[in-house]
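Subject: Structure for you to look at

Dear colleague,

Here is the structure I promised to pass on, with the sequence alongside. Please open it before reading further, since the notes below are meant to be followed on the screen.

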Amino acid sequence: MDLLALIKHRRSIRKYERTQIPLADLEKIVEAGLYAPNAGGRQSPYIVGIHDAELAARIGRMNVATFERKNLAGRFVSREQPSIIDDPGIRNAFYDAPSVCAIFAADGFIHGIPDAYCCAENMVLMASALGLASCIVARGRETFASPEGQALASGWGVPEGYSGCCFVLLGYCRGEYPHEKPRRPGRSVIIE
């Protein structure tokens with residue numbers, strides 16, 4: 001599949017099978033994140049690959065606990081792949097994905113957050129190329145701000161002066177893979 005076809009094929013999946021992904025695939029996905037574009041060549045994002053479904057679910061519950069509905073820009077995401085925005089009954093913001101990558105950004109670096117999301121984009125594309133399902137989830141800063149979150153990050157060797165940024169969920173899609181959604185018109189222009 002060429003790159004544009006892969007980009008068009010990838011979806012944000014929020015329904016996962018319980019089957020764990022191969023460790024070798026997780027390693028490739030983390031490597032893809034490490035090769036993401038980054039400001040000034042700093043290579044500052046720090047990635048933690050979690051290949052433990054129980055730990056992933058625990059952090060997913062920590063993440064959903066930080067979710068505040070009052071901050072929503074929209075009120076609907078998907079009928080096929082409902083999110084915590086669509087269903088307030090969802091108690092795991094990682095939707096039972098068996099593997100998760102936490103991406104941390106350097107505090108005080110103006111490009112830290114964009115660099116972390118560049119890592120996440122590379123990672124979800126690599127997951128798709130490997131036949132895996134994925135989704136990017138935010139609220140990393142809030143998730144790791146608690147004493148429990150800080151203890152986890154410290155135990156993983158996350159450097160001082162780094163905060164959680166986002167997560168990449170990984171697994172196998174449960175049910176039918178969603179179809180391509182049409183693109184809204186009027187969102188680009190080319191000037192010659």
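The protein chain has six helices and four strands, and when these are read along the sequence they follow the pattern α-α-β-α-β-α-β-α-α-β. Its radius of gyration is 17 Å, close to the 16 Å that the globule rule gives for 192 residues, so the chain is as compact as a globular protein of that length. Please keep in mind throughout that this is a predicted model.

Some overall values may help you to get your bearings. Taken along the principal axes, the C-alpha atoms fill a box of roughly 45 × 45 × 40 Å, and buried residues make up 44% of the 192 residues. Of the contacts in the chain with a separation of 6 or more, 83% are accounted for by residues 24 or more positions apart. The accessible surface comes to about 10,900 Å², and 53% of that surface belongs to carbon and sulfur atoms.

Next, the salt bridges. How many salt bridges does a search of the whole structure find? It finds two. In one of them Glu148 is paired with Arg58, with the closest N and O atoms 2.8 Å apart. Because Glu148 lies in helix α6 (residues 147-155) and Arg58 in helix α3 (residues 53-65), this pair ties together parts that are 90 residues apart in sequence. Both partners count as partly exposed, Glu148 with a relative accessibility of 37% and Arg58 with 33%.

Arg141 forms a salt bridge with Asp107, and here the closest N and O atoms are 4.0 Å apart. Arg141 belongs to helix α5 (residues 140-143), while Asp107 sits in the loop between β2 (99-106) and α4 (112-129), so this pair ties together parts that are 34 residues apart in sequence. Arg141 is partly exposed, at 45% relative accessibility, and Asp107 is likewise partly exposed, at 37%.

Helix α6, which contributes Glu148 to one of these bridges, deserves a closer look. Which residues of α6 are buried? They are Gly149, Leu152 and Ala153. Seen down the axis of α6, the buried residues fall within an arc of 95°, so they line one face of the helix. This can be set beside a general property of helices: an α-helix has 3.6 residues a turn, so residues three or four places apart point the same way. On the other side of α6, Pro147, Ala151, Ser154 and Gly155 are exposed. The cover over the buried residues of α6 includes α3, β2 and α5. After the helix comes Gly157, whose phi is positive, near 80°.

Within α6, Gly149 is a useful residue to centre the view on. Gly149 counts as buried because its relative accessibility is 0%, where the cut-off for burial is under 20%. Leaving aside residues up to four places away in sequence, Gly149 touches Met62, Thr143 and Phe144. Met62 is 87 residues from Gly149 along the chain, yet their C-alpha atoms are separated by 8.1 Å.

Arg10, in the loop between α1 and α2 (23-34), is another residue that you may wish to inspect. Is Arg10 buried or exposed? With a relative accessible area of 18%, Arg10 is buried, since the limit is under 20%. Its contacts, not counting residues up to four places away in sequence, are with Val124, Leu125, Ser128, Ser134 and Tyr177. Arg10 and Gly157, by contrast, are 147 residues apart in sequence and 31 Å apart in space, C-alpha to C-alpha.

Finally, there is a nonpolar patch on the surface, of about 290 Å², which is made by Leu3, Leu4 and Ile7. Leu3 is found in helix α1 (residues 3-9), and Leu3 counts as exposed because its relative accessible area is 56%, where the cut-off is over 50%.

With best wishes,
A colleague

Notes
Residues are numbered from 1 along each chain as its sequence is written. This is a predicted model: local features need pLDDT of at least 70, side-chain atom pairs count only at pLDDT 80 or more; totals for chains, interfaces and linings use all residues. Side-chain values use heavy atoms; hydrogens and water are left out. Patches are made of residues with over 30% relative accessible area and no salt bridge: like charges are joined within 9 Å, nonpolar side chains (Val, Leu, Ile, Met, Phe, Trp, Tyr) within 5 Å. Accessible areas come from the Shrake-Rupley method with a 1.4 Å probe; for residues, only the protein chains shown count as cover. A salt bridge is a side-chain nitrogen of Lys or Arg within 4 Å of a carboxyl oxygen of Asp or Glu. Helices (H or I, at least four residues) and strands (E, at least two) are DSSP runs, numbered from the N terminus. Buried means under 20% relative accessible area, exposed over 50%, partly exposed in between (1.4 Å probe, protein chains only). The radius of gyration is taken over C-alpha atoms; the globule rule is 2.2 Å times the number of residues to the power 0.38. Contact means heavy atoms within 4.5 Å. The arc is that of the directions from the helix axis to the C-beta atoms.
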